Amino acid sequence: MALNKNEVNTLDTDFASAESHFLNLISALPKVSVQGYDKERRVIYWNTSSEDIYGYSQEEALGKRLEDLIIPALMRDDVLSVHKKWLLEGIPIPSGELALQRKDGKTVHVFSSHVMLGEHTDSPEMYCVDIDLSEQHAIRNELEKLATTDLLTGLPNRRYLEMALEERVKKAGHESTSMAIFFIDLDMFKDINDTLGHTWGDRLLKSFADRLKECVGEASFLARFGGDEFVVLVDDIVDRQSLVNLAEEIVDCCKERFCLGTEKVFITSSVGVCLFPTDGVEVDTLLKNADAAMYEAKEQGRNRYNIFSNDLSVMLHKQRNIASRLRASIENNEFTLLYQPQVDLKSGKIVSCEALLRWTPNIAEHSVPPDVFIPIAERTDLIISIGSWVLEKACEQAREWRNMGIDICIHINVSGRELEQGDFFERLARCRENYGLPPHAIGLELTENMLIKSDEQVLLGLQEQRSMGVEVSIDDFGTGYSSLSYLKRFPVSHLKIDRSFLENAPESDYDGALMEAIVNLGHKLNLKIVVEGIETQTQLTYCLRLGVECAQGYLFAKPLAASAIQKRLECQQ
Ligand code: C2E
Ligand code: CA
Ligand code: CA
């Protein structure tokens, strides 16, 4: 049934009064701002809350156009277009969150809904009902900040860094810009934490972060990657010299001591640098390569920077290959132990031997030198299972020799990572027991650096071994810290002087003086001296003159298979 014209008019009037009633209700709500616009988007209504949110008084706003008041320049065309579509095609403007603009230019976040009154008349009116979201936005921003900020230093955290790097990489994809990634790691920070405690450690990190911030400037992006690691992103590095300069400045940040309350702390840092896009175009690769360059700086002696190079990339590739092949090497039976005799210089007899590991991968023709694969095994923790294999094999060999009446000590090289495991001494005891060996059948070789880093637990464990008669040697003595005051504390029985000292000692006064000093010191501390790497008769005579007890080197024998050692021992009896 169709309505007549009068009835339609009455309905329209009813609707209009209901609508204006509804509008009155809404506009009376606090924090809800309502603005009305005519067909040309000129303000015809502006409630008190709109004055608060947008900063324009009613007098200022009335008669002005929507787009000249609160619409940011970038949104202008969109607003005009949706308004037009609504008027001409009846497509409503969807509700949603908008970032509008206040009188003072600041952004204001609102949830905006739109109501059209008098839609089918000549003078349609658009009403915007805006709810101020400033508080929610502030909370959201605060949460976002918390999730992306490192609480200790106030710097962006790793998550933020990865997002920022991702963004820069994407952006740079279109432009031909370059970027440098600096990976900074404090040297021996663990020692500070261990000796001074975490509170001082935290203070040091905070002070270091402040110095770094000052050094790299506002334009760079500085983040705490985690622990004692920091990353800096620097855009538009113009040439290699400026890269080198900044790397040097970063290393120099630690030149001055850090004053932390009553403590003055000296620390250094190692810095790795890589370049985008030359050294990688993905976030992961860039961070990995900068980290690898940093690691290389540590290997080269710390307190320096290292720039990622093609050589390093090739080396890393090789190392990854080796690490992946090492994984299967134990099951594949690719390891063997050789034994190098240690000779008592007074009697000229073999009294012990050092077990030296050899690895010949099944698919390779040659063995990989231990100097190459041991450091990789240590970094990947594969050394734990490899070390267990060495211990087991050495015990098995000691048992076999004992059954044949051969009673010599086999020294095994123990890696720091093995000692850190905590159950090393238990495993050693269990293995000796399984093969029915007395404590002195297996000796241990440890490096100085490893001993210095050892905690009380490890030193106690060693003490216990020593009291049972286990020989414990400091390996490569003279190449590490050589901290003499420590020597007294370590429960050791032998000092193995590194080959490098002997090489020139008979001829060079300097090396000779060092050798003599080490031998005397060792003797004063009741330690037996073993000299490594004797190759010539001159070196042997020299060692005899110094009163060295024991020697090992190619002059007597290279590392040999167990059967060859047996033959030698048979001759000696
Ligand atoms: P290291 O403990 O200092 O072992 C002595 C190294 O000097 C051995 O090298 C040995 O072959 C070599 N050498 C002995 N006499 C002479 C000599 O007269 N002249 C010269 N030029 N060299 C001599 P190798 O077997 O290549 O082992 C290298 C390093 O690998 C070892 O140094 C040790 O640190 C590590 N390593 C070897 N086997 C093991 C193991 O089972 N476990 C662990 N953790 N490390 C091991
Ligand atoms: Ca050794
Ligand atoms: Ca050695």
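**Salt bridges up close**

**View 1. E445 and K496, a buried pair.** Both E445 and K496 are buried. This is a predicted model, and here the two side chains come together in a salt bridge, with N and O 2.8 Å apart. E445 sits in strand β16 (residues 442-447) and K496 in strand β18 (residues 494-497), so their bridge ties together parts of the chain that are 51 residues apart in sequence.

**View 2. A network around the pair.** Zoom out a little and E445 and K496 turn out to have company: E354 and E532 are linked with them in a network of salt bridges. As a bit of background, side chains of opposite charge can pair when their charged atoms come close.

**View 3. R41 meets E67.** Here's another salt bridge, this time between the side chains of R41 and E67, at 2.8 Å from N to O. R41 is in the loop between β1 (32-37) and β2 (43-46), while E67 belongs to helix α4 (residues 66-69), so distant parts of the chain, 26 residues apart, get linked. Why does R41 count as buried? Because its relative accessibility is 13%, and buried means under 20%. E67 is buried too, because its value is just 5%.

**View 4. D185 reaches K298.** In this salt bridge, the closest N and O atoms of D185 and K298 are 2.8 Å apart. The partners come from distant parts of the chain, 113 residues apart: D185 from strand β6 (residues 179-186) and K298 from helix α11 (residues 283-299). With 9% relative accessibility, D185 counts as buried.

**The whole picture.** These views show just some of the salt bridges; the structure holds 22.

Notes: Residues are numbered from 1 along each chain as its sequence is written. Chains are lettered from A and ligands numbered from 1 in the order in which they are written. This is a predicted model: local features need pLDDT of at least 70, side-chain atom pairs count only at pLDDT 80 or more; totals for chains, interfaces and linings use all residues. Side-chain values use heavy atoms; hydrogens and water are left out. A salt bridge is a side-chain nitrogen of Lys or Arg within 4 Å of a carboxyl oxygen of Asp or Glu. Helices (H or I, at least four residues) and strands (E, at least two) are DSSP runs, numbered from the N terminus. Buried means under 20% relative accessible area, exposed over 50%, partly exposed in between (1.4 Å probe, protein chains only).
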